[in-house]
Amino acid sequence: MKVYEKAPAKINLMLDVLHKRPDGFHEVEMIMTMVDLADRLELSELPRDTIIISSQAGYIPLDEKNLAFQAAKLLKERCGVERGVHIHLDKKIPVAAGLAGGSSDAAATLRGLNRLWRLGLSGEELQELGAELGSDVPFCVTGGTALATGRGEKLTPIASMPQCWVILVKPPINVSTAEVYGKLRANAITAHPSAQLMREAVEAGDFQAVCARLGNVLEDVTLKLHPEVQQLKEAMIRLGADGVLMSGSGPTVFGLVSKQSKVPRIYNGLRGFCKEVYAVRSLT
Ligand SMILES: C[C@@](CO)(OP(=O)(O)O)[C@H](O)COP(=O)(O)OP(=O)(O)OC[C@H]1O[C@@H](n2ccc(N)nc2=O)[C@H](O)[C@@H]1O
Ligand SMILES: Nc1ncnc2c1ncn2[C@@H]1O[C@H](COP(=O)(O)OP(=O)(O)O)[C@@H](O)[C@H]1O
């Protein structure tokens, strides 16, 4: 038997860091939403008790370092499953991009195996398991639009993001989430974006207010390390995006656009700078 799961990318409409915790993680406030750029997973039963990962993408680990492998192993251990699975990852989300591609694959593996193995776990139970794999995994389990607090694992669902186009541009540089948090001086942050104001804008369906309230304190670190990310932001604004921000720890920059007629100009303009540009819809 086989099951299929879609694993969409996330963007952070706002990301604030409150302080560094004694456990080394940072206490955050984020509003996250999914966009229609997704990996596709095919999960097939195997006759042997083993986990096999394959992918068309040559640039991700296919062993126990893969987050989908870790998700399957965790579920097998916790639920006492003695069955094997082959997980094929059709990667479309750029890797180490600030779009939670690996986290979304892990979340999709939890959802898919819950069905394949008829485990009957609730969404909440899958989120709790997901939190053991990474801070962004719980959000990816249920998706939608949510306020995330704690280290990112405490979720409050909110109304859907107003429908719009999302243009994503990923420069050819690698950014490590751990390095970006490591270089952040949380007590020196002067301008904190407001989760409350962003939540109100989303809940009012006020697209212009969402654009005006975008903010991410991790930009301070990543833009200093990689000035080309700032240049991409400026290009996106010049080309006419309504709101522009770096997603997560970067380096992907996203632009929100309400009018479809503006999309080709922005997309084609960015392709002059970068190979990896995507124009997708927000997911409701
Ligand atoms: C920045 C964000 C924003 O959504 O996303 P990405 O840019 O990675 O997509 C997340 O906070 C990333 O979540 P995720 O990628 O799951 O992080 P984890 O695997 O849990 O942690 C990786 C490392 O980042 C740091 N980390 C992560 C989360 C957090 N709240 N505080 C931290 O200090 C820790 O050093 C940790 O060792
Ligand atoms: N299924 C997966 N897809 C992508 N990357 C993965 C996966 N499993 C493990 N990784 C590793 O996780 C790291 C972060 O990848 P990703 O989740 O795409 O980025 P981000 O945390 O910036 O959103 C990469 O270094 C990659 O090698």
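These are my notebook entries on strands, a helix and the nonpolar cores of a predicted model.

**Ground rules.** I worked from a predicted model, in which local features need pLDDT of at least 70 and side-chain atom pairs count only at pLDDT 80 or more, while totals for chains, interfaces and linings use all residues. Residues are numbered from 1 along each chain as its sequence is written, and side-chain values use heavy atoms, with hydrogens and water left out.

**Strands.** I looked up the partners of β4 (residues 84-90), taking strands as DSSP runs of E of at least two residues and counting two as paired if DSSP finds at least two bridges between them. I found β2 (residues 26-46) antiparallel to β4 over 7 bridges, with Glu-42 opposite His-88. I then found β3 (residues 51-55) running parallel to β4 through 5 bridges, with Ile-51 opposite Val-85.

**Helix α2.** I noted that α2 (residues 101-116), a helix being a DSSP run of H or I of at least four residues, has 16 residues and reaches 22 Å from first C-alpha to last. I saw that 14 of its 16 residues are buried (under 20% relative accessible area, 1.4 Å probe, protein chains only), so α2 is largely enclosed by the rest of the structure. Just after α2, I read a positive phi of about 45 degrees at Arg-118.

**Cores.** I looked up the largest nonpolar core (buried Ala, Val, Leu, Ile, Met, Phe, Trp, Tyr and Cys residues joined through side-chain atoms within 4.5 Å), and among its 71 residues Val-17, Val-85, Ile-87, Met-236 and Leu-270 touch the most other members. I noted another core lying apart from it, of 29 residues, including Ala-97 and Leu-168.

Technical notes
Chains lettered and ligands numbered in written order. Expected span 1.5 Å × (residues − 1). Buried < 20%, exposed > 50% of the residue type's maximum accessible area, 1.4 Å probe, protein only.
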